[in-house]
Amino acid sequence: MNEDARLDLGRRQRLGMVEAVWGEHKSAEQISAVMLGLHQAGELALVTRVSAEKAAAVERLLADQLGSGGADPPLQHHPLARCLTWPSPPPADPAFGRVAVLSGGSSDLAVASEARLALACHGVASDLVLDVGVAGLHRLLAELEGLRRARVLIACAGMEGALPTVLAGLLPQPVIGVPVAVGYGVSAGGQAALMGMLASCAPGLTVVNIDNGYGAAMAALRILQLANGVASTAREQGP
C-alpha cells in the first residue's frame with residue numbers, strides 16, 4: 001500500500017458514502033495502490049477523472065500485483081464519466097427513489113455521467129434527461145411531468161447556466177446546479193455559469209463547483225439519506 005495515502009475507511013459509517021479518489025493528478029501507481037487498499041478492506045473503489053490510457057495502466061499494474069488472474073471481479077473503466085470502479089456498483093435501492101440528472105446539451109454529458117455513476121456507487125438509481133437547455137425551452141417543458149416523479153434534480157449546464165434556475169422556478173424538489181466548463185469567450189471555463197447559478201433568483205437552489213458531478217451526486221445522496229433516516233442512524237453510531 002502506498003504510504004502517502006491514508007484511506008478513509010470509516011466514511012461509509014460516518015456519512016453513508018464510499019471514499020472517492022481524484023485520479024487526474026495521481027499516477028497509475030498511486031491509483032492502483034489506493035484501489036487495492038480499498039478492495040482489500042471490502043470497499044468499493046471509485047476513482048474520478050481517469051483517462052483511458054491511465055485506466056489501462058492501472059489495470060496492468062493490478063494484474064501484476066494480483067497475479068495471473070488479475071482483478072477479480074475486473075475493474076470497470078467508464079469512459080464517458082471518466083471514472084474507474086472496482087467492483088461494479090451495487091444494485092439500486094428502491095428506498096432511495098430516483099434522481100433526475102439533466103444536461104443543457106450533449107457537451108455536458110461527461111459531467112452528468114460522473115454524477116450518475118457516483119449515485120450508482122451508492123445504490124441510487126437515476127434517469128438522464130439530455131439536451132433540455134433553455135435555448136429550446138419547449139424541450140424541458142415537455143419533460144416536466146416525468147421530472148415530478150424524481151426526488152432530487154441535478155442540472156448540468158454551461159454557457160450562462162440558466163437551466164437550474166428555470167427548474168427551481170418550476171418544480172418543488174431540491175435542485176442542484178452544476179456549472180459546466182462549456183461556452184465561448186466570456187463563459188471563461190464555466191465561470192459565467194457558476195456566477196449565474198450563484199446569483200439565481202430561484203429560492204433554494206444549491207450550486208456546486210464547476211464540472212463537479214461527483215459533488216452534486218453526494219449532495220443529492222445526503223438529501224435522500226436524510227429522508228430515509230440513514231443520517232440519524234450514522235450519528236447514533238458515531239465515528
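Start by selecting Cys83 and showing its side chain: the closest cysteine sulfur belongs to Cys121 and sits 7.8 Å away, too far for a bond. Keep in mind as you go that this is a predicted model.

Stay on Cys83 for a moment. Is it buried or exposed? With a relative accessible area of 0%, Cys83 is buried.

Now select Cys121. Looking back from its sulfur, the closest cysteine sulfur is that of Cys83, at 7.8 Å. Cys121 is buried too, at 3% relative accessible area. How many disulfides does the count come to? It comes to zero, because a disulfide needs two cysteine sulfur atoms within 2.5 Å.

Next, move to Ser187. You will find Ser187 in the loop that runs between strand E8 (175–179) and helix H8 (191–198). Although it is in a loop, Ser187 counts as buried, because its relative accessibility is 8% and the cut-off is under 20%. To see what surrounds it, show Met159, Val182 and Ala192: Ser187 touches these three, leaving aside residues up to four places away in sequence.

Finally, zoom out and colour the whole chain by secondary structure. You should see 10 helices and nine strands. The radius of gyration is 19 Å, close to the 18 Å that the globule rule gives for 239 residues, so the chain is as compact as a globular protein of that length. Along the principal axes, the C-alpha atoms fill a box of roughly 55 × 45 × 25 Å.

Switch to colouring by burial, and 47% of the 239 residues come up as buried. For a last view, colour by charge: there are 17 positive and 21 negative side chains, and the centres of the two sets lie 6 Å apart.

Definitions and conventions: Residues are numbered from 1 along each chain as its sequence is written. This is a predicted model: local features need pLDDT of at least 70, side-chain atom pairs count only at pLDDT 80 or more; totals for chains, interfaces and linings use all residues. Side-chain values use heavy atoms; hydrogens and water are left out. Helices (H or I, at least four residues) and strands (E, at least two) are DSSP runs, numbered from the N terminus. Buried means under 20% relative accessible area, exposed over 50%, partly exposed in between (1.4 Å probe, protein chains only). Contact means heavy atoms within 4.5 Å. The radius of gyration is taken over C-alpha atoms; the globule rule is 2.2 Å times the number of residues to the power 0.38. Lys and Arg count as positive and Asp and Glu as negative; His and the chain ends are not counted. The place of a charge is taken as NZ of Lys, CZ of Arg, CG of Asp or CD of Glu.
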